[in-house]
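Hi,

Here is the model I promised to pass on. Have a look at it first, and my notes follow underneath.

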Amino acid sequence: MNERALNILLPAAVFLAALGAWEAMVAIKAIPPYILPAPSRIATTLIADWDTLSASLWVTLRITFSALLAAVIGGVVLAVLFAQWKWVERSFFPFAVIMQVTPIVAIAPLLLVYLEGSSAVLVCAFVVAFFPILSNTALGLASADHNLVDLMELYRASRWQQLLYLRLPAALPYFLGGLRIGGGLALIGAIVAEIAAGSAGRGAGLAFRIVESGYRLNIPRMFAALVLISVTGILIFLTFTVLSHVLLGRWHDSARTREN
Amino acid sequence: MMQQSPQAGLNVVRLRGIGKTFSNGTVALAGLDLDVRAGEFLSLLGPSGCGKSTVLRMIAGLTKPTGGSIDWAGGAERPELGFVFQDATLMPWTSVFNNVWLPLRVAGVSKAQAAPRIEQALSLVGLSKFRNSYPRELSGGMKMRVSIARALVLRPSILLMDEPFAALDEITRFKLNNDLLQLKAELGTTVVFVTHSVYESVYLSTRIAVFAARPGRIIQTIEVPAPYPRNDEFRHTPLYADCCRTASHALTGAMATEDHL
């Protein structure tokens, strides 16, 4: 068997074995589903409750990606302003740091006072996703090869030419790193804020389903919602990893396999 | 035979009383005078830390002197310059073709308009076949060729080179030395070449300025009166040996003035 197949099959086998052990333990010890549901029970719940869960999944996805989009636009624009004018960086970086270091769970109740439920959740997700994108992009813009910067100066390139031809491409790997972190954080921010908000009805996301299932002791549905959140997080990560490989494949060390 | 530009022998740029003192008080250069003559191949030879690279960067306008003056021929603006660093300093995210396009792109020339000039620059360094390659896919010597093509694409009247071959292996360096002489003969460009190798400076140059360190200054200039084209045969001539000996002596003298060695 070649190494490539083994690299995929081995983790898959271990994962399936773990699920099998879980299933067997629940069956042998006769653990009731309101304590710990078996994987098969979680799967059937996922199918049976799909209408409710998929509506909530859609809400969570929409909030996560709107927040991420806002964080990308805000983070990149601010990073470019930081790179072009040092005084902008000095003036505004403290705000970015304050936003980053204050735990989002602590800010959420305040935002809920000022904003309507779903907007507050969106802002929370934005706040946590914003900083890694801003700081990574700013670092990338500042990391352009000094000799190339000298060369630009020699050719009398304008500040914007320097940004467009040199600094932005040089920052791309850093930005993509920030995007991978920010993508995961946007989901976490959306979940945390929604738990704090506890909003019900049509606008309820997956986090609300978890809270609600907890109150009703509907543990299989709680697990089903958790599965959906994990899968979403994994898909976000994979999407951005693939995007990195596509964009950086031909030139950046991070996207290349070493030939030994 | 060597093509000389029309005003051969005239000064292209004149440096007078150049000094550079860093903010920490280190005197990098003091009272340095240097003329670059049109059409010559001038080497700045010296131990590391003697300020020869600083002089090159000052000619390029990348470093400002703290004293003295730099005057271009006829009191004009500085002409188009080409600069080659010790590293190839290519943009890793784009093709060889786009890397050579950069100086023209900054000057506002579209890719289509620039294409013939880029092709020509690439063929000068023998890399036409690699126009679509990425820098990662090239060897060290090939990357340096791309860097030279980029420097030549604007047809600069002066080519400034900062130890361009120092990081390459000897075989590649010899090959690139010959190619550089060939280019110089074809284009008639004035070259200012920073090196710490006596042999390289004698092989390539028509004139060598030997630097001493702390503070950086020129202690001797040596003419190398061998005609172009030169080839490996030149390395076996008595003139080559003589010039190497003179340059080595000057360099030893330069080192002797340093108290810490």
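What is the mean pLDDT of chain A, and what percentage of its residues reach 70 or more? Bear in mind that this is a predicted model. For chain A the mean comes out at 89, with 95% of residues at 70 or more. Within that chain, helix α2 (residues 39–48) has the highest confidence, a mean of 94. Helix α5 (residues 104–114) of chain A has the lowest, and its mean is 85.

Next, the interface. Chain A puts 15 residues in contact with 16 residues of chain B. On the chain A side, α7 (146–154) and α8 (159–197) each bring at least two residues to the surface that touches chain B. The largest share is from α7(A), with 7 residues. If you sort the chain A side by class, you get 9 nonpolar, 4 charged and 2 polar residues.

α8(A) turns up again in a helix pair inside chain A. Helix pairs like this are usually described by the angle between the two axes and the distance between them. Here α8(A) packs against helix α9 (residues 206–215) of chain A at about 45°, and the axes are 8 Å apart. Angles under 35 degrees would count as roughly parallel and 65 to 115 as roughly perpendicular, so α8(A) is oblique to α9(A). The crossing of α8(A) past α9(A) is right-handed.

Which residues meet there? From α8(A) there are Ile191(A), Glu194(A) and Ile195(A), and across from them in α9(A) are Ala207(A), Phe208(A) and Val211(A). By class, that contact has 5 nonpolar residues, 1 charged and no polar ones.

Over in chain B, there is a sheet to look at. It is an open one with 3 strands, ordered β2-β1-β4, and the pairing is antiparallel. β2 (27–37) and β4 (67–72) of chain B are the edge strands, each pairing on one side only. From one strand to the next, the twist averages 10°.

For the pairing in detail, take strand β1 (residues 11–21) of chain B: β1(B) and β2(B) are antiparallel and share 7 bridges. If you want a spot to zoom in on, try Lys20(B), which stands opposite Leu29(B) in β2(B). The sheet has a helix across it too: α1 (residues 52–60) of chain B lies across β1, β2 and β4 of that chain. Relative to β2(B), helix α1(B) runs at about 60°.

Cheers

Key:
Residues are numbered from 1 along each chain as its sequence is written. Chains are lettered from A and ligands numbered from 1 in the order in which they are written. This is a predicted model: local features need pLDDT of at least 70, side-chain atom pairs count only at pLDDT 80 or more; totals for chains, interfaces and linings use all residues. pLDDT is the predictor's confidence in each residue, from 0 to 100. Helices (H or I, at least four residues) and strands (E, at least two) are DSSP runs, numbered from the N terminus. Two residues are in contact if their C-beta atoms, placed from the backbone, lie within 7 Å. Ala, Val, Leu, Ile, Met, Phe, Trp, Tyr, Cys and Pro count as nonpolar, Asp, Glu, Lys and Arg as charged, and the others, Gly among them, as polar. Two strands pair if DSSP finds at least two bridges between them. Axes are lines fitted to C-alpha atoms, for helices over the stretch in contact, and angles run from 0 to 180 degrees between N-to-C directions. Angles under 35 degrees count as roughly parallel, over 145 as roughly antiparallel, 65 to 115 as roughly perpendicular and the rest as oblique. A crossing is left-handed if the near helix is turned anticlockwise from the far one by less than a right angle, and right-handed if clockwise.
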